[in-house]
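Ready for a few warm-up exercises? Take a look at the structure first, then work through the tasks one step at a time.

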Amino acid sequence: MDKGKEVTPEALADIMLSLQAKGCHNINLVTPTHYILQILMALEIALEKGLNIPIVYNSSGYELAETIKLIDGIIDIYLPDMRYSDDKMAKKYSDAKNYVECNRAAVIEMQRQVGDLSVGEDGLAIKGIIIRLLAMPNKISGTENTLKFIKDNISPNAYLSIMSQYYPTFKACEFNEISRGTTPQEYKNVVDEARLLGLNNGWIQEAPEKIDPAFYGTNIKPKETT
């Protein structure tokens, strides 16, 4: 059943202002790309009425860089995924054509706009980019390769959220190699690779089966992310 409701840009602006008045720390736009024009219209109205908390663009990262350029100067915090480092894997498991090229170009553009993450004294993000990396079974995601790309092409100071919560659902059971969760060792391998590359900013989660790799952050305290 469809549980959403249609709103006008004016109504969306009012919702944003209402959230700010209630003490929300940011406006989190989740998977917003297909509504970007309407969101921009709403933001123009809301900003004129006093909206001043950070705007978060929370997306899969499977974006066109040209789309990201349209919101240059508007978004404060980007929260993209970098799910695959191999187009064959992206096509096979997510039906995502040219994933690697699109994803990497989009994240490079995000980094160009907002730079490395900056955090206030209260521990809240102010501006920048946080990259989510989901460790998958049998190295399907190629996360180690993605980490090297991030260091060399995004930033050696990038903030990462390395996630352990992959679980098989929907059609995953049709592929034996992804029909199970990520093992503690597989997750630890990704965290260790980040450490070896000097990517020490960000968050890790408790790995499956109660494995808790050491947190290697330098600027923020360990915290489970969702």
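**Exercise 1.** Work out whether L19 counts as buried, partly exposed or exposed in this predicted model.

*Solution.* Start with the value: L19 has a relative accessibility of 31%. Next, bring in the cut-offs: buried means under 20%, exposed means over 50%, and partly exposed is in between. L19 therefore counts as partly exposed. Now place it: L19 sits in helix α1, residues 9-21. Finally, check its company: L19 forms a nonpolar surface patch with V7 and I15, and together they have about 200 Å² of accessible area.

**Exercise 2.** Find out how strand β7 is covered and how it is joined to β6.

*Solution.* Take the faces first: N201 and W203 are buried on one side of β7 (residues 201-204), and G202 and I204 are buried on the other. Then look across to β6 (residues 159-163), which runs parallel to β7 and is joined to it by four bridges. Here S161 stands opposite W203. Last, follow the chain: it goes from β6 through helix α7 (residues 184-196) to β7, a right-handed β-α-β crossover.

**Exercise 3.** Describe how the rings of Y93 and F175 are arranged, and say which parts of the chain they tie together.

*Solution.* Geometry comes first: the pair is edge-to-face, at 5.2 Å centre to centre with 75 degrees between the planes. Y93 lies in helix α4 and F175 in the loop between β6 and α7, so the pair ties together parts 82 residues apart in sequence. As for cover, Y93 is buried at 17% relative accessible area, while F175 counts as partly exposed at 23%.

Methods
Residues numbered from 1 in each chain as written. Predicted model: local features only at pLDDT ≥ 70, side-chain atom pairs only at ≥ 80, totals over all residues. Heavy atoms only, no water. Patch = residues over 30% accessible without salt bridge, like charges linked within 9 Å, V, L, I, M, F, W, Y side chains within 5 Å. Areas by Shrake-Rupley, 256 points an atom, 1.4 Å probe, with all protein chains shown as cover. Salt bridge = Lys/Arg side-chain N within 4 Å of Asp/Glu carboxyl O. Helix = DSSP H or I, 4+ residues; strand = E, 2+ residues; numbered from the N terminus. Buried < 20%, exposed > 50% of the residue type's maximum accessible area, 1.4 Å probe, protein only. Pairing = 2+ DSSP bridges. Right-handed = clockwise from strand over helix to strand, strands pointing away. Phe/Tyr/Trp six-rings, centres within 6.5 Å; stacked < 30°, edge-to-face > 60°.
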